[in-house]
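Welcome, and thanks for taking a look. Here is a short briefing to read alongside the model, grouped by topic.

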Amino acid sequence: MKNPSGKLLLLAGILFSASIVPVPAAGQDKLSLKTVVIDPGHGGHDSGCISPDKKTYEKNLTLSISKLFAEKIRSTCPDVRVIMTRDDDRYVTLSGRADIANNAGADLFVSIHINAQAKGNSASGYSIHCLGQSSRQGNDLFGKNLDLVQRENSVILLEDDYQTKYQGFDPSDPQSYIFFSLMQNAHLEHSLLFAEDVAEAMKGGPISRNRGVSQDPFWVLWRTAMPAVLVEVGFISNAADLQAMRSPQGREKIADNLLKAFKSFKARYDGSAAVSRQPAEASREKQKADEPEKKDEAVPAPERTTSGSQYAIQILATSRKMKPSDAFFRGYAPTEVKSGKLYKYLILPDTDLSATRKKWREVRKKFPECFIVRKEGETLTRIP
Ligand SMILES: [Zn+2]
């Protein structure tokens, strides 16, 4: 089906009504990484990529690495619940995978895949992907990872009724991806932090060429309501990568690297600022009508900032430096704040909190997951 715009709108509608938006809790809740979902890519009649000699299937490598990773978390972090979207050679739909993670209330979703070069065998290395648009230049929606994104998303075509289930989404049609640009995933910041941890840990080899962290429109990441990354461990089309993944020691080391990244992320995630989960727009509006302004009264932030600090609206956090003229900003002039490995973009700075709240109510019509921050120097504090 070719980009039925009505269906895309419908899809966007489903997205906004079903998405989860983090809202800082009024209390002092602390985050704690209690449940992780590990998702071995492909399975059953979906083999994924196949090695040039046709002997090794992506689905088997992803399962083996995922199982090792799961075992390592279970034995070293007994307080963490580990759930696999599959633990044998079976087919699970992309929406089924996201459902498993959402129903489990998982705090982290890790999808394991193996890459393949469409032509040739020179490409090697690992890459980590979070939800987003990898390229915003011109009309090039997801430039360098086009083949990869289309291939990983194309598994939905294996489902008999995919046109109904995926609301007309056509993985091979670039137009179908436009709606992804409407969203900033609520959990993008944590996703990017974990992705960076994985990128760092995987340097330990055996596949050590880092192809980097990027943001791409993977369906399975978009549907999950928690920090979520997709790891492409290596290239099945590359002789050295394949040899490393075929060897039990190689897979063991890869799983060790993933565990290292998991622990490093968990250490930072646990006890970090609280976010509570709350239904988005529609139900939030309803709640507002039921309890007018109650939330606002509970806010401890001062109405006016002092000594040079300001309130502003954060509309984006990304690992990629953006041009202020980027179409994403819809004409707003953003202020860039570098925060660790992330770039955060703020708009409409003001010293008055209630004025900022008023603006935020308007801005969130365009950026549904934006929120207010207090900016003191380069330090940003999220305001409920
Ligand atoms: Zn795959």
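**Metal site and salt bridges**

The donor residues of the zinc ion follow the sequence spacing H-x15-E-x54-H-x38-E. Please keep in mind that this is a predicted model.

**Zinc site**

- The zinc ion takes its protein donors from His 42 (NE2), Glu 58 (OE), His 113 (ND1) and Glu 152, which appears twice through OE, at 2.0 to 2.4 Å.
- Two of these donor residues link distant parts of the chain: His 113 belongs to strand 4 (residues 108–115) and Glu 152 to helix 4 (residues 146–153), 39 residues apart.
- Both His 113 and Glu 152 are buried.

**A salt bridge between helices**

- In total, the structure holds 14 salt bridges.
- One of them pairs Asp 197 with Arg 268, whose closest N and O atoms are 2.5 Å apart.
- This pair links distant parts of the chain, with Asp 197 in helix 6 (residues 188–201) and Arg 268 in helix 9 (residues 248–269), 71 residues apart.
- Asp 197 counts as buried because its relative accessibility is 12%, under the 20% cut-off.
- Arg 268 is partly exposed, at a relative accessible area of 42%.

**Further salt bridges**

- Lys 203 and Glu 200 meet through their side chains in a salt bridge of 3.1 Å, N to O.
- Lys 203 is partly exposed at 45%, and Glu 200 is also partly exposed at 45%.
- Asp 270 and Lys 266 form a salt bridge of 2.4 Å, N to O.
- Here Asp 270 is partly exposed, at 26% relative accessible area, whereas Lys 266 is buried at 10%.
- Elsewhere, salt bridges with shared partners join Lys 72, Glu 252 and Asp 256 into one network.

Conventions
Residues are numbered from 1 along each chain as its sequence is written. This is a predicted model: local features need pLDDT of at least 70, side-chain atom pairs count only at pLDDT 80 or more; totals for chains, interfaces and linings use all residues. Side-chain values use heavy atoms; hydrogens and water are left out. Donors are N, O and S atoms within 2.8 Å of the metal (3.2 Å for Na, K and Ca); water is not among the atoms, so sites may look incomplete. Helices (H or I, at least four residues) and strands (E, at least two) are DSSP runs, numbered from the N terminus. Buried means under 20% relative accessible area, exposed over 50%, partly exposed in between (1.4 Å probe, protein chains only). A salt bridge is a side-chain nitrogen of Lys or Arg within 4 Å of a carboxyl oxygen of Asp or Glu.
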